[in-house]
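Reader: Hi! I am new to reading structures, and I would love a close look at how helices pack against each other. Could you walk me through that part slowly?

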Amino acid sequence: MSDLLRPEVGCALVGARASLWQSWTGRHAEVSAAALRELEEGSPLWTRLAALQMVGEVDYPRLWVARSRLPLYLPAERTLWYPLPSQRTAGGHRWGQRVFSVDQAALWEATLEQRPVERLAARVGLTVEEVLAWVRGLTGREVQVLQLRPAPAHARDLSLERLVAPPRPVGRRPTGQLGAAGETQLGAYHQDLEDPESHFDDRETTVAHALATPHQALGGSPYGARLRARLELRGMVPGDGLTVEVGCGTGELARDWRAAGAPARYLRVDRSPALLQAQARMAPGSLGVLGDATALPLGDASVDLLISNEVLADLPAVPWPETSPHPEVEDRIRRYGLALGPGWKNLGAWRMVEEVARVLRPGGWAWMSEFGALDEAPQETEQLDHPEVSIQFGDLRAVAEALGLQAEVVRLDDALGMDLGARWVARSVWEGARAVASARGTRLKARAWTAQALEAALGVRVQGLREVPLSEPGPGPLPTRFFVLVVRRPVEGAVDLGAGSPRACS
Ligand SMILES: C[S@@+](CC[C@H](N)C(=O)[O-])C[C@H]1O[C@@H](n2cnc3c(N)ncnc32)[C@H](O)[C@@H]1O
């Protein structure tokens, strides 16, 4: 590497790519290793990097100070919280903290507006050298808080909203979660939960869990109440019939569903004894039964409405084609005319639809939501601590129709009439707030927090609680990645998918 790059420019080689980092300005660029080796003063690459103030003579006092939008700041404690780029877990980045002196706190406040270093120094009554020394502590590869730039940054400059960090690690796969043929088997995962109350906050947050408190996105209702209202519009909610929820998590949906309308028989089926107990505490009056979604402990033609949210991806999926034959998969592909392409096959989800066809009464309905796509091959989510596989809803609908059910696939946001423009805090804010809360000895639930509600929950004034629309990453999964299979067992001779049904996907 040329001497021009020392001492302020560092370089990390990853394969043929090099991430070039100017540790005094916080500016960075990806450059091919070959180009870097040939970097000469005056070359086109040199000119480009010089324009970014990464090489050559840099007039530091005249550079503008721009703040990253990721950190959180607690003015009362003069404490800055920031994500640690190289420390990443399945749940997000770990966060570090730095306590400022009174002078440094004044500097931080003054960087809210972009200014050149020398004007910043004049504003807070410090020398340029003192300001530069402070800035240099906040521009490194591990502390990506400030950047020095030749001109003010554009309001939506993405480098101030993203970390330059190693890729997300692939989740650990304990033995037992994959069978001999590579199929997912998550039976033990929910059965042996260590802490059912915090599981959906720290390890796998669902859409229903994130929206289990009233939210503007759902017209001011929590998920369970909104779901009931929408299914009532479609004529799917039985008066005094039997409603069954399969895979109920901690039972918030059951609680809010039951509170939103006339009490009716509500049965919870789950294969986790610990979660069944948590559900009973959350939704007293509902009845819980230990059982499997692929072999429901229910009589034939006994259910008026079956609800299931984010369970299908937990059911066994089989990699295809296999090294050895898998008669169950082969049989169903042939019987139902399913997609033949290579990739994962949602065998457990197909089995659950077969069970639904068996237990629904004529005229009975089912709602099954999960992340996935209509026709794309299922994918394994790698960041979770267990291998969930997305659902190919086109195949699921084909199974339902082959079994004589009326079936449609709808988008979850459409089906719930969700306002995707409603706001929640950005994903990074949620991760930072969780770290702040934990340092203060409290735990936060993984909810679709607004900035105001989150600040109230933290009990301290926090700067940087950025909100984004629900169509951008926040505390819960992106609702736009979810679909619902809605099925009805026909009353003989009648074909009716209900009035007010949301737009079906074709
Ligand atoms: C990802 S959680 C979803 C919880 C809740 N429905 C929600 O949306 O927040 C999956 C739930 O399904 C249950 N579950 C997983 N596999 C199951 C199976 N094979 N049979 C019955 N329940 C199952 C789990 O115990 C858990 O309650």
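Author: Happy to; here is a walk through two helix pairs, followed by a short look at a sheet and at the ligand.

This is a predicted model, in which local features need pLDDT of at least 70 and side-chain atom pairs count only at pLDDT 80 or more, while totals for chains, interfaces and linings use all residues. Residues are numbered from 1 along each chain as its sequence is written.

Two packed helices are described by the angle between their axes and the distance between the axes. Helices (H or I, at least four residues) and strands (E, at least two) are DSSP runs, numbered from the N terminus. Axes are lines fitted to C-alpha atoms, for helices over the stretch in contact, and angles run from 0 to 180 degrees between N-to-C directions.

Let us begin with α9, residues 223–233, and α10, residues 252–259: their axes lie 7 Å apart, at an angle of about 50°. That makes α9 and α10 oblique to each other (angles under 35 degrees count as roughly parallel, over 145 as roughly antiparallel, 65 to 115 as roughly perpendicular and the rest as oblique). The crossing of α9 and α10 is right-handed (the near helix is turned clockwise from the far one by less than a right angle; anticlockwise would be left-handed). On the α9 side, the contact includes Y223, L227 and R228, and on the α10 side E252, L253 and W257 are among the residues taking part; contact here puts C-beta atoms, placed from the backbone, within 7 Å. By type, the residues of this contact divide into 7 nonpolar, 1 polar and 4 charged (Ala, Val, Leu, Ile, Met, Phe, Trp, Tyr, Cys and Pro count as nonpolar, Asp, Glu, Lys and Arg as charged, and the others, Gly among them, as polar).

Now for the second pair. Helix α3 (residues 102–110) packs with α4 (residues 117–124) at about 125°, the axes being 10 Å apart. These two helices, α3 and α4, are oblique as well, and their crossing is right-handed. Here D103, A106, L107 and A110 of α3 meet L120, R123 and V124 of α4. This contact has 5 nonpolar, no polar and 2 charged residues.

Next, the sheet: 3 strands form an open antiparallel one in the order β8-β4-β9, where pairing takes at least two DSSP bridges between two strands. Strand β4 (residues 64–67) is joined to β9 by 4 bridges, and V65 has L148 as its bridge partner in β9.

Finally, 22 residues surround the ligand, H190 and T206 being among the closest (C-beta atom, placed from the backbone, within 6 Å).

Key:
Two residues are in contact if their C-beta atoms, placed from the backbone, lie within 7 Å.
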